[in-house]
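Subject: Handing over a structure

Dear colleague,

I am passing a structure on to you, together with some notes on what was found in it. Please look through the model before you read on.

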Amino acid sequence: MSTPILQPGVGDVTGEHYLPAAIENVFWGRLPCATDAPVLRIEPGATVTVDTVSHEGILEDQGKDPLAFFGAHGVAAEQVLDDAVAIAASLSRDVMADGPHVVTGPIHVAGAEPGDLLQITVVRLEPRVPYGVISNRHGKGALVGELPRGEHNVSVFTPVVEQDGALVGALPLVEGGPAAVTFPLAPFLGTMGVAVAGDDRPHSVPPGAHGGNIDIKLLTEGAVLYLPVQVAGALAYVGDPHFAQGDGEVALTALEASLRATLRFDVVPRAVALAEFGELLGPLVRTDEYLVPTGLDPDLGEAMRRCVRAALTLLQARYGMAEHLAYAYLSAATDFDISQVVDIVCGVHARIRESDFAGVPASGAASAGDLPPSGDSAPDSPDERDSPAQATPTVTDAEGRA
């Protein structure tokens with residue numbers, strides 16, 4: 001098994017549209033807002049193949065020269081992505097005020113309006129290179145003040161190799177030793193979001209009601225993300241590609257590496273969204289097995305409480321489950337996982353098994369496949385589109401956060 005180098009325009013493009021990570025199509029360190037012009041316009045139901053670029057290897061503390069950075073680890077020049085080289089050479093960011101992430105977009109989805117949900121289905125994720133980087137930088141991570149020891153920045157170059165017919169990440173036990181430790185890849189996009197209202201571009205690090213840097217590793221191929229639309233057209237974007245991540249992401253970053261993502265974008269009208277899920281104040285993930293409500297807050301305890309409330313709202317709206325019974329069910333049967341604790345705003349997500357509700361009458365809950373086409377069941381008045389949103393804190397110093 002080999003991993004081809006997916007340079008811009010090279011390799012299969014399975015989506016109806018192709019969006020390369022050209023410098024005119026990306027943001028570095030900030031996320032789109034309502035006043036940003038879309039780089040692509042699509043109809044609901046369309047698929048888009050999007051090239052994403054990892055920030056690792058292009059950051060200033062790594063020399064802002066991916067050819068030199070990866071070359072020092074034995075990567076040939078032709079295996080370094082041309083778009084990563086162009087972004088590092090042509091774009092800049094305010095290191096003290098902006099985040100590290102590169103995002104591709106925004107994409108205007110026709111008919112999406114505030115109050116609706118944007119439904120993003122992950123159709124396909126392909127590694128663009130056979131290597132990535134895991135970093136613990138600037139005293140950030142779960143063990144602030146303890147790690148890294150005596151180092152300002154530790155970036156661990158991580159090759160991807162074949163093992164038993166599958167691709168795995170490989171690490172040594174000691175610096176310079178053989179790659180004796182391997183772990184499976186499970187690629188996903190750490191950042192998937194919609195533009196916020198107003199003309200202030202959000203920092204790329206903290207997630208919020210708009211999605212953004214949610215770092216939920218369940219968003220692998222086949223998963224679906226629902227986001228409350230903030231502005232007309234949604235103005236969707238993706239980035240922060242990962243090859244693998246442990247829940248918590250404790251060192252600061254996951255195995256960061258560039259991906260080619262094929263995604264389908266649909267619009268769920270507000271009336272349908274309310275019937276399906278209740279009032280969503282933030283991201284909701286759906287996999288083949290789980291419904292995954294989320295909670296976000298700078299305080300991990302409050303993030304947990306928000307996630308529990310979101311789960312209760314979901315169970316009441318979707319299945320008509322009484323609050324005290326839903327609370328009991330969550331305590332007995334649902335895992336609450338820490339998405340990450342390193343992105344200023346902590347994330348918690350719950351894994352509610354849909355199979356546990358297989359005995360609920362069909363009238364109690366519709367399947368995602370039963371959602372009507374975009375535009376059906378439109379709200380009767382603009383007031384029905386109003387929905388509150390979780391606040392995203394102001395970021396003043398988040399250099400190098402993942």
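The notes below go from the whole chain to its interior, and then to two places in loops.

This is a predicted model, in which local features need pLDDT of at least 70 and side-chain atom pairs count only at pLDDT 80 or more, while totals for chains, interfaces and linings use all residues. Residues are numbered from 1 along each chain as its sequence is written, and side-chain values use heavy atoms, with hydrogens and water left out.

The protein has five helices and 20 strands (DSSP runs numbered from the N terminus, with helices being H or I of at least four residues and strands E of at least two). Of its 402 residues, 54% count as buried, where buried means under 20% relative accessible area, exposed over 50% and partly exposed in between, with a 1.4 Å probe and protein chains only. Among contacts with a separation of 6 or more, 79% are between residues 24 or more positions apart, a contact being heavy atoms within 4.5 Å.

In the interior, the largest nonpolar core (buried Ala, Val, Leu, Ile, Met, Phe, Trp, Tyr and Cys residues joined through side-chain atoms within 4.5 Å) has 43 residues, and those with the most contacts inside it are Leu118, Met192, Leu219, Leu263 and Phe265. Strand S16, residues 259-268, gives the most to this core, with five residues. Apart from it lies another core of 23 residues, among them Tyr226, Val308, Tyr319 and Phe357. Leaving aside neighbours within four places in sequence, the contacts of methionine 192 include Ile120, His210, Leu219, Tyr237 and Leu263.

Arginine 93 sits in the loop between helix H2 (82-90) and strand S5 (102-109), and it counts as buried because its relative accessibility is 12%. Its side chain is joined to that of glutamate 60 by a polar contact of 2.8 Å (a pair of N or O atoms within 3.5 Å; within protein, one must be able to donate a hydrogen and the other to accept it, and residues adjacent in sequence count only if both atoms are side-chain atoms). These two residues are 33 apart along the chain, and their C-alpha atoms are separated by 9.5 Å. A polar atom of the arginine 93 side chain also lies 3.4 Å from the backbone oxygen of aspartate 98.

Valine 174, in the loop between strand S9 (166-171) and strand S10 (181-184), counts as exposed because its relative accessibility is 55%.

With best wishes
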